[in-house]
Amino acid sequence: MVDQCGVRLGEASVHDEHGCRLKDGHQGAHEFTDDLGRLWCWETDFECQCEHCMKCEGDYCTTYWIKQA
């Protein structure tokens with residue numbers, strides 16, 4: 001699909017092959033479906049203050065949650 005958001009989840013333990021099922025340029029959190037068919041949302045946590053986030057510019061923690069209907 002050409003207009004699908006191409007963001008990748010990298011080494012995340014729960015992901016689909018595209019990382020986001022929404023169209024390019026979408027507003028808000030990214031969405032993906034896991035192997036059990038559950039819909040998840042995720043976004044980069046730019047406010048995280050962990051040691052890794054503080055020293056690795058451009059590689060930040062990610063927050064995940066199941067999307068509620």
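Here are some exercises with worked solutions on a predicted model.

**Exercise 1. Work out the order of the strands in the sheet and how they pair.**

Step 1. Begin with the overall layout. The sheet is open and has three strands, in the order β1-β2-β3, with antiparallel pairing.

Step 2. Look for the edges. Strands β1 and β3 each have a single partner strand, so one side of each has no neighbour in the sheet.

Step 3. Add the twist, which averages 30° from one strand to the next.

Step 4. Go through the pairings in turn. Strands β1 and β2 run antiparallel and are joined by four bridges. Strand β2, residues 39-44, pairs with β3 in the antiparallel sense over five bridges.

As background, strands of a sheet pair through backbone hydrogen bonds, either parallel or antiparallel.

**Exercise 2. Find residues that stand opposite each other in the sheet, then visit the hairpin of β1 and β2.**

Step 1. Take the pairing of β1 with β2. The bridge partner of Thr33 is Leu39 in β2.

Step 2. Move on to β3, where Trp65 stands opposite Cys41.

Step 3. Now look at the hairpin of β1 and β2. Five residues lie between its strands, and Gly37 takes a positive phi near 85° there.

**Exercise 3. Find the salt bridges and say which residues they link.**

Before starting, recall that side chains of opposite charge can pair when their charged atoms come close.

Step 1. How many salt bridges does a search of the whole structure find? The search finds two.

Step 2. Take the pair of Arg21 and Glu31. Their side chains meet in a salt bridge, at 2.9 Å from N to O. Arg21 is in the segment before β1 (30-33) and Glu31 is in strand β1, so the pair links distant parts of the chain, ten residues apart.

Step 3. Turn to Lys67, which forms a salt bridge with Glu31; the closest N and O atoms are 2.6 Å apart. Lys67 lies in the segment after β3 (62-66) and Glu31 in strand β1, so this pair ties together parts 36 residues apart in sequence.

Step 4. Put the pairs together: Arg21, Glu31 and Lys67 are linked in a network of salt bridges.

Step 5. Is Glu31 buried or exposed? Glu31 counts as buried because its relative accessibility is 8%, and the cut-off for buried is under 20%. Arg21, at 39%, counts as partly exposed. Lys67, at 36%, also counts as partly exposed.

**Exercise 4. Describe the aromatic pairs.**

One idea helps here: a pair of aromatic rings is described by the distance of the centres and the angle of the planes.

Step 1. Start with the count, which comes to two aromatic pairs.

Step 2. Consider Phe32 and Trp40. Their ring centres are 6.2 Å apart and their planes stand at 5°, so the pair is stacked; the cut-off for stacked is under 30 degrees.

Step 3. Consider Phe32 and Tyr64. Here the ring centres are 6.3 Å apart and the planes stand at 85°, so the pair is edge-to-face; that label needs planes over 60 degrees apart. Phe32 lies in strand β1 and Tyr64 in strand β3, so the pair ties together parts 32 residues apart in sequence.

Step 4. Join the pairs: Phe32, Trp40 and Tyr64 are linked into a cluster by ring pairs.

Step 5. Check how accessible each residue is. Phe32 is buried, with a relative accessible area of 0%. Trp40 is buried as well, at 15%. Tyr64, at 31%, counts as partly exposed.

**Exercise 5. Describe the surroundings of His30 and Gln68.**

Step 1. Where does His30 lie? His30 lies in strand β1. With a relative accessible area of 16%, His30 is buried.

Step 2. Look for a contact of His30. Its side chain makes a polar contact with the side chain of His26, at 3.0 Å.

Step 3. Go to Gln68, which is found in the segment after β3. At 65% relative accessibility, Gln68 counts as exposed, because the cut-off for exposed is over 50%.

Step 4. Relate Gln68 to Trp40. These residues are 28 residues apart along the chain, and their C-alpha atoms are separated by 8.7 Å.

How values were computed:
Residues are numbered from 1 along each chain as its sequence is written. This is a predicted model: local features need pLDDT of at least 70, side-chain atom pairs count only at pLDDT 80 or more; totals for chains, interfaces and linings use all residues. Side-chain values use heavy atoms; hydrogens and water are left out. A salt bridge is a side-chain nitrogen of Lys or Arg within 4 Å of a carboxyl oxygen of Asp or Glu. Helices (H or I, at least four residues) and strands (E, at least two) are DSSP runs, numbered from the N terminus. Buried means under 20% relative accessible area, exposed over 50%, partly exposed in between (1.4 Å probe, protein chains only). Two strands pair if DSSP finds at least two bridges between them. Axes are lines fitted to C-alpha atoms, for helices over the stretch in contact, and angles run from 0 to 180 degrees between N-to-C directions. A polar contact is a pair of N or O atoms within 3.5 Å; within protein, one must be able to donate a hydrogen and the other to accept it, and residues adjacent in sequence count only if both atoms are side-chain atoms. Rings of Phe, Tyr and Trp (its six-membered ring) pair if their centres lie within 6.5 Å; planes under 30 degrees apart count as stacked, over 60 as edge-to-face and the rest as tilted.
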